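Open the model in your viewer and follow the selections below. The stops go from the domains of one chain to the contact between chains.

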Protein chains: 2
Amino acid sequence: MISREYLLQLDRDDPLAAMRAQFVLPERTIYLDGNSLGAMPRAAAERVRRTLDHDWSQALVRSWNSAGWVDLPQRVGDKIGRLIGARAGETLACDSTSVNLFKLLSLAVKLRPGRNVILSDRENFPTDLYMAEGLSALLGGALQLRALAPNEIESAIDDDVAVVSLSHVNYRNGALYDMAAITRRAHERGALMLWDLAHSAGALPIHLADCDVDLAVGCGYKYLNGGPGAPAFLYVAQRLQGQATTPLSGWFGHEKPFEFVPSYAPAAGIARMQVGTPAIISMSSLDAALDVWDTVSLEQVRAKSVRQCEHFVELVEQWMPGRFELVSPRDSARRGSQVCLRHAQAWPIMQALIARGVIGDVRAPDILRFGFTPLYVSYADIWDAASTLRDIIDAGSWQHAEFQARAKVT
Amino acid sequence: MISREYLLQLDRDDPLAAMRAQFVLPERTIYLDGNSLGAMPRAAAERVRRTLDHDWSQALVRSWNSAGWVDLPQRVGDKIGRLIGARAGETLACDSTSVNLFKLLSLAVKLRPGRNVILSDRENFPTDLYMAEGLSALLGGALQLRALAPNEIESAIDDDVAVVSLSHVNYRNGALYDMAAITRRAHERGALMLWDLAHSAGALPIHLADCDVDLAVGCGYKYLNGGPGAPAFLYVAQRLQGQATTPLSGWFGHEKPFEFVPSYAPAAGIARMQVGTPAIISMSSLDAALDVWDTVSLEQVRAKSVRQCEHFVELVEQWMPGRFELVSPRDSARRGSQVCLRHAQAWPIMQALIARGVIGDVRAPDILRFGFTPLYVSYADIWDAASTLRDIIDAGSWQHAEFQARAKVT
């Protein structure tokens with residue numbers, strides 16, 4: 001039986017406990033939505049202030065060189081690369097996850113001529129499916145999206161599949177794919193493997209190079225704490241970079257962007273995957289946010305996250321038996337860093353929680369999501385969040401009219 | 001004969017003189033590079049600070065609603081729309097200019113089936129040509145880019161041309177196309193018209209709706225002062241929006257993004273041209289930067305810009321006859337808000353100017369660019385910039401070794 005005292009002891013022993021001081025968080029709030037928008041690192045805010053007060057306003061256009069803006073996408077990319085098991089020069093921070101999906105799906109299709117299927121999971125994050133639909137429509141139906149149930153994927157990789165495109169952790173229920181096994185299976189069948197790491201980068205150890213992953217994309221504003229709408233990232237394995245092209249062949253991916261020549265020629269390496277001018281203010285925030293990881297290992301983060309999710313599930317099962325359906329895998333080895341509970345009144349329950357300072361979110365129609373971000377969530381927070389949920393369920397306070405109004409959050 | 005006293009008198013009479021106080025600029029600097037990176041409006045910095053200190057760090061994910069992040073691309077788009085003669089609901093702030101070119105070129109080609117040519121000007125900004133190349137390559141050569149000399153464009157619009165894609169003002173020499181005439185000619189020949197407003201939005205009055213322009217893109221970080229790499233914008237005429245689709249069909253352009261349904265269905269109106277999550281910090285800066293225009297008319301800005309360019313050219317011709325070739329049109333009606341001078345030693349001359357506090361830039365191999373931004377450049381600045389240039393030319397001080405090192409700036 002877990003006690004609050006036991007959780008407080010875990011906090012006292014927690015090697016990550018000091019990390020919370022590196023973040024700015026509102027008072028009297030337990031923030032369990034870092035899987036949607038990560039909290040603000042102090043260093044990110046300081047860096048943005050410097051970008052305004054010095055780099056933009058004082059050094060002006062000279063900052064492209066003096067502040068290193070021109071190479072920022074590659075430097076930030078390599079910082080992310082270290083968190084996802086990529087080699088130097090394989091990762092680039094740029095654009096949005098959606099735009100990066102388009103680039104890498106097009107690339108995959110080009111690299112596997114004669115194969116005309118993008119294979120995905122119909123429970124994938126919608127934009128992953130939508131971008132494949134858009135590419136397919138542009139190519140006049142010569143390319144098809146085949147979206148199946150998660151458990152049908154492995155057996156469906158046949159000679160028509162150019163690329164298997166999956167999210168490592170499912171956004172809605174937290175289910176975690178076996179990256180090594182599925183990548184191996186895709187390769188055995190001659191397909192490329194593209195992983196969307198939006199819900200796993202910064203949440204658990206990832207070994208792209210060791211798993212021989214071909215392509216990956218991910219998000220800068222969730223577990224990487226880069227700020228709202230922070231630039232996303234993409235990864236292309238070194239062995240594919242020589243053949244890598246993108247239909248979004250913009251000037252920032254040109255071999256000599258400042259020579260302004262009329263014909264496109266791709267830059268060497270991962271830099272060729274850039275398109276237009278990077279959003280420097282947002283990118284600077286992400287750059288500084290990543291320094292939080294300098295003193296932290298993802299093994300530590302994962303160990304704490306597993307324990308936090310586990311204890312949260314235990315408390316919900318113990319205190320509120322039969323009130324929720326656990327839609328996340330019960331086995332933590334098959335779960336990312338979130339716990340998802342189904343309840344027909346998910347929306348008003350979440351509104352009641354938020355009103356009491358426990359912030360999670362809802363995925364329509366009926367799933368409450370709780371994301372656990374060990375850098376700034378304590379073990380005691382788990383107890384307090386679960387007991388707040390219990391109070392709301394016991395008292396039926398989610399039935400109050402004020403909580404019946406829906407709110408959309410991402 | 002112009003005198004410094006005459007220019008000081010123009011400053012005293014200038015209805016825009018007070019605008020400079022709304023910008024933060026370095027001391028002892030004449031900034032003639034706002035056509036590359038606009039100066040920082042005080043309001044932009046204040047807004048970014050609020051985005052950090054309140055919206056992100058305190059309100060967190062709730063800011064998607066409470067701070068209006070979710071509709072920001074449309075609100076910012078409409079503010080830009082007012083500066084380019086668009087109707088409400090025709091303009092959207094999103095992505096980079098390059099990505100937006102891809103969206104609108106794909107759309108144009110879809111709207112003109114049976115026509116397989118993108119017609120452009122070979123002196124267009126490179127990314128405009130590169131993105132057309134990328135789309136053409138993706139479509140397997142079914143679509144061609146035809147890039148001609150500027151004076152060949154009008155007569156080259158034939159039945160094969162799906163879209164004429166031009167930059168309103170040329171980035172390298174400041175030449176200004178006649179938007180009304182060329183748009184009319186494109187329509188007479190059955191083609192769509194796409195204008196890139198990167199070097200004209202915020203520099204001169206633009207009348208997209210009155211000229212019946214179909215499509216446009218532009219940049220947020222030049223004359224709109226949105227900050228380094230600020231989100232770009234796109235415009236789709238209302239009459240085309242019902243048929244408008246984008247191959248970059250991301251979740252932010254979905255009709256119900258927060259319902260997370262597995263199939264794509266476009267949002268109503270211009271919102272469908274969105275792709276992924278917007279870069280909120282950078283977009284917030286742009287949003288506030290646009291409020292500078294609340295009390296200013298583009299007619300005033302254009303009148304001052306024309307006078308500034310004119311006097312700068314006169315001083316160069318008078319003080320440094322035969323030392324530079326004017327590559328910008330001499331007729332101000334055919335010129336944007338920049339003056340471009342050719343000199344074999346353009347790079348070291350610009351380095352010498354920058355060392356003395358006059359910031360312009362160079363476009364390889366031999367063009368000095370001076371951009372005039374009437375919101376924060378005074379008439380006296382014109383005299384001081386030209387006389388600094390004269391001193392450098394007269395003394396040959398650009399020959400010093402320190403100025404011979406090249407610098408790349410954008």
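Start inside chain A of this predicted model. Place a C-alpha centre on domain 1 of chain A and another on domain 2 of chain A: the two lie 30 Å apart. To colour them, use the domain assignment: domain 1 is 4-31 + 296-404, and domain 2 is 47-294.

Next, select the contact between these domains. Domain 1 of chain A brings 20 residues, and domain 2 of chain A brings 15 residues.

Stay on the domain 1 side. Which elements give two or more residues here? Show helix H11 (298-319) and strand E12 (338-342) of chain A. H11(A) gives the most to the side of domain 1 that touches domain 2, with four residues. Now colour that side of domain 1 by class. Eight residues are nonpolar, seven are polar and five are charged.

Now bring in chain B. Select the contact between the chains: 74 residues of chain A meet 74 residues of chain B.

Keep the chain A side on screen. Helices come up at several points: H2 (42-59), H3 (63-66), H5 (97-111), H6 (126-138) and H10 (280-289) of chain A each supply at least two residues to the side that touches chain B. Add strand E14 (361-363) of chain A, which also supplies at least two.

Which element gives the most to this side of chain A? Select H6(A), with ten residues.

Last stop: colour the side of chain A that touches chain B by class. It has 43 nonpolar residues, 22 polar and nine charged.

Notes. Residues are numbered from 1 along each chain as its sequence is written. Chains are lettered from A and ligands numbered from 1 in the order in which they are written. This is a predicted model: local features need pLDDT of at least 70, side-chain atom pairs count only at pLDDT 80 or more; totals for chains, interfaces and linings use all residues. Two residues are in contact if their C-beta atoms, placed from the backbone, lie within 7 Å. Ala, Val, Leu, Ile, Met, Phe, Trp, Tyr, Cys and Pro count as nonpolar, Asp, Glu, Lys and Arg as charged, and the others, Gly among them, as polar. Domain bounds come from an automatic or database domain assignment.
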